[in-house]
Every structure is written in C-alpha cells, then in structure tokens.
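Thank you all for making time this morning. I would like to walk you through one structure, so please take a moment to look at the sequence and the model before I begin.

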Amino acid sequence: MNRYSEMIYNRCGRSGLKLPAISLGLWHNFGSVDVFSNMQEMAKTAFDLGITHFDLANNYGPVGGSAEENFGKILRTTLHGHRDELIISTKAGYGMWPGPYGDGGSRKYMLASLDQSLKRLGLDYVDIFYSHRFDKDTPLEETMGALASAVKQGKALYVGVSNYDAAQTRRAYEILKDMGVTLLINQPCYNMLNRWIEPELVPTLEELGVGSISFSPLAQGQLTDRYLKGIPSDSRAAKPWGFLKEKDITPEKLAKISKLNEIAASRGQTLAEMALVWNLKQGRLTSVLIGASRPEQIRDNVAALKNRDFTPDELSAIDAVLRG
Ligand SMILES: NC(=O)c1ccc[n+]([C@@H]2O[C@H](COP(=O)([O-])OP(=O)(O)OC[C@H]3O[C@@H](n4cnc5c(N)ncnc54)[C@H](OP(=O)(O)O)[C@@H]3O)[C@@H](O)[C@H]2O)c1
C-alpha cells in the first residue's frame, strides 16, 4: 500500500512544514463515551489514506482529556512506530480544571496544560501547540511567551493560534517574531455557512506567511446529506453533548442544503466532498480539519480531492444558494 500516493500536501504558510489537504480532528467521537475500536479503525483509515495530521485539545472528550488519552493508546497500538510520520497538535485556552489557573491564556495555565497533555498522549513533544482562543484578560505577550517557552523547552516544534481575528493574529505574529519564534498557523472556523475569514483574516495570513486550517468545514455535519431526511439517532445533533443541537437544523437551512446537494450531485460528488474542496479553494487554506464518526466518512472526504476544480458557473450557483 502506498499511503502517500493520493493525498495532497500543502506547505504551511512560509514554513518548511507540509500538511495534508485533509486533516482529522478528535473533538468528537474519540472520548470516553465512544467506542475505542471505532476510533482505532478511524485513525488507521485516515493514516492509510495519507492523513498525517491529527488535531487535539486538552478538553476534547467528553470527558475532557479523554480524547488525548485515547489517542495516546492509538499511538501505542494502531499507529505504533509512525511518530515521525505524524503531525500531532494540541491546544489550551478553554476551561479545563477548576480554579483560576485552568482556563484562559496565562503562562501558568498554558504550560501546566501542555505538560498534562503530553502525559495523556504519552509523548515528549507535540508538533503544534495552540493558544485555543484569544484571552482579553491576559496580555498577549504572556500567552505568546508561554508558546515560545514551549518551543524553547522542546515540548512543541511549532506554535499556532485558534479563533484569533486578523488584528489579533498580526499582533501574535509580531510578538512571537520578537521572541525568535515563527507563528506557524491559525485555526479558524470556516465553512459555506460561516465565511467570516474571507475579507480580512485570509489576506492577513497570506501577507504574514502564516498557514491556515479550517475547523468544522462541514459545519459539524450540516453540510452533508446527514440531515436531509430528518435527524438520525446516531448523528451529532441527536447526541446530548456537544454544541450542534436539533434546533440548529432549521427548515431554511435544510432548503439551502438540499440545493447544495443538487449542485454536488451534478458534479458527481457528495455534498460533503463538494463542501470540503470549496472550503480549500475559497478559504485559500493549507488544510481542512474534518471530524468523523465512522471510517466511511473519512474515505468519502478524502475522495473529494479527486475533483477540486469548480467552473465559474458552479461557484456562482453556490454563492446564489448561500446568499438566498
Ligand atoms: N479550534 C477550535 O476552537 C475548534 C472548534 C471545533 C472544532 N475544532 C477542530 O476541528 C475538527 C473538526 O470539527 P468538526 O468535527 O466540527 O468538523 P466537521 O467536519 O464540520 O463535522 C464532522 C461531522 O460531520 C459528519 N460527517 C463527516 N464526514 C461526513 C460525510 N462524508 N458524510 C456525512 N457526514 C459526515 C459527521 O457527523 P456525525 O457525527 O453526525 O456522523 C462528523 O462527526 C475537530 O475535531 C477539532 O479538531 C476546533
């Protein structure tokens, strides 16, 4: 098997690091509430298709921390012996443990959290350590200083920011640069239903030479055929945890999704496939960070790369649906 023959690898900003055009995130379906054999199968499927990048955060689960523990087990079993072929990221920024030192962007929280993540993952270092969110109550110099320390201590090879807007990213980049560290990447939410990065963040990242990876490119499953015939009992929207709720799947949204599904079908693609390649192109991204609940979804999503071109007519038809 040649796991590297089909995947596309894009240079991350002006760094020397290449990321797969499709990466796998472990926010959902890798927690202590999920089935371990399915996680192993998903990780194996992803890696065998050339997905070399797996994205985590301290709080992924539920329960918080359990996705890192499970991925640590996967690294010791399914992916054993492949550490140098993998890019593993984690983050700190949202609430993780009680008290004033388990949330935000302080040096105290960021570096303690990274040590905890490394322990759960069973690793000496992660490839990318992120500030998960901008914390207005902490000087940005302190949060960036914690990221720079992680690099200098050898606990992270690269650093990133997530959920930072264009101005926050520019400042983060400049502070890190003064500390001799390059900001590798920004991880924003971006998909057909949420295009906030297009006017300012995308050009800023290009100017600075910082890479980009979009999270929730399928709007948590809404930009797929998952909800076209109701809410399946095993879908994310039906589960009691998480942020996607049944009430988010409105008739107006479903009408748009049905029209997008027709455009995808006319291209010979599933809606998930079309949404991902649209994301890569319109967001001018290094990678799209998908989630999955089963191996077949990962196979479907990687197959998207076989048809990445859009005609101007297709792009305007999609825009018309999204505007409507
Ligand atoms: N930095 C941040 O603040 C932040 C926030 C959110 C996410 N993230 C990162 O981004 C990653 C991805 O986020 P996400 O899980 O929301 O991504 P997503 O790709 O938008 O949604 C994933 C869900 O879509 C459905 N799906 C995926 N492929 C499908 C296919 N081919 N056909 C039908 N349905 C399909 C599945 O839903 P079902 O489960 O219903 O099958 C799956 O769980 C996370 O794991 C995490 O690493 C980061």
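Let me start with a question: in which loop does Arg284 lie? Arg284 lies in the loop between helix H8, residues 271–282, and strand E10. Please keep in mind throughout that this is a predicted model, and that what I say about Arg284 and the rest was computed from that model. Phi of Arg284 is near 45°, which is a positive value in a residue other than glycine. As background, most residues other than glycine have a negative phi, and most peptide bonds are trans. Arg284 counts as partly exposed, because there are 13 C-beta neighbours inside 10 Å.

A second residue belongs beside that one, namely Gln220, which has a positive phi of about 65° although it is not a glycine. Gln220 is found in the loop between strand E9, residues 211–215, and helix H7, residues 251–266. Is Gln220 buried or exposed? With 23 C-beta neighbours inside 10 Å, Gln220 counts as buried, since the cut-off for that class is 20 or more.

Staying with the backbone, I would ask you to look at the loop between strand E4 and helix H2, residues 66–76, where Pro62 has its place and where Val63 also lies. A cis peptide bond joins Gly61 and Pro62, with omega at about -10°, and a cis peptide bond also joins Pro62 and Val63, with omega at about -5°.

Now to the strands, beginning with E3, which covers residues 22–25. In a regular strand the side chains alternate between the two faces of the sheet. In E3, Ile22 and Leu24 point one way while Ser23 and Gly25 point the other way, and all of them are buried. E3 runs parallel to E10, to which it is joined by 3 bridges, and the partner of Ile22 in E10 is Val288. E3 also runs parallel to E4, residues 53–55, with 2 bridges between them, and here Leu24 stands opposite Phe54. Between these two strands the chain crosses from E3 through helix H1, residues 36–48, to E4, in a β-α-β crossover that is right-handed.

E9 can be described in a similar way. Gly211, Ile213 and Phe215 point one way from E9, whereas Ser212 and Ser214 point the other way, and all are buried, so that E9 is mostly covered, with 5 of its 5 residues buried. E8 and E9 run parallel and are joined by 2 bridges, with Asn186 opposite Ser212 in E9. The chain goes from E8 through helix H6 to E9, and this β-α-β crossover is right-handed. E9 is also joined to E10 by 3 bridges, again in a parallel arrangement, and Phe215 stands opposite Leu289 in E10.

Which residues are closest to the ligand? Of the 29 residues that surround the ligand, the closest are Gly25, Trp27, Phe215, Gly221 and Gly291. You have already met two of these names, Gly25 in strand E3 and Phe215 in strand E9. Strand E10, residues 287–290, and helix H9, residues 295–303, each supply at least two residues of the shell, and the largest share, 3 residues, comes from H9. By class, the shell is made up of 10 nonpolar, 15 polar and 4 charged residues.

Let me turn to a helix, H3, which spans residues 107–121 and has 15 residues. From its first C-alpha to its last, H3 reaches 21 Å, close to the 21 Å expected at 1.5 Å a residue. Its buried residues are Tyr109, Met110, Ser113, Leu114, Ser117, Leu118, Arg120 and Leu121. These residues cover an arc of only 160° around the axis, which puts them on the same side of H3. An α-helix has 3.6 residues a turn, so residues three or four places apart point the same way.

Finally, a word on Cys189, which is found in the loop between E8, residues 183–187, and H6, residues 201–208. Cys189 is partly exposed, because 17 other C-beta atoms lie within 10 Å. Measuring from C-alpha to C-alpha in the model, Cys189 and Asp135 are 17 Å apart in space, and they are 54 residues apart in sequence.

Note on methods: Residues are numbered from 1 along each chain as its sequence is written. This is a predicted model: local features need pLDDT of at least 70, side-chain atom pairs count only at pLDDT 80 or more; totals for chains, interfaces and linings use all residues. A residue is near a molecule or strand if its C-beta atom, placed from the backbone, lies within 6 Å of it. Helices (H or I, at least four residues) and strands (E, at least two) are DSSP runs, numbered from the N terminus. Ala, Val, Leu, Ile, Met, Phe, Trp, Tyr, Cys and Pro count as nonpolar, Asp, Glu, Lys and Arg as charged, and the others, Gly among them, as polar. A residue is buried if 20 or more other C-beta atoms lie within 10 Å of its own, exposed if 12 or fewer, and partly exposed in between; C-beta atoms are placed from the backbone. Two strands pair if DSSP finds at least two bridges between them. A crossover is right-handed if, with the strands pointing away from the viewer, the path from the first strand over the helix to the second runs clockwise. The expected span of a helix is 1.5 Å times one less than its number of residues. The arc is that of the directions from the helix axis to the C-beta atoms.
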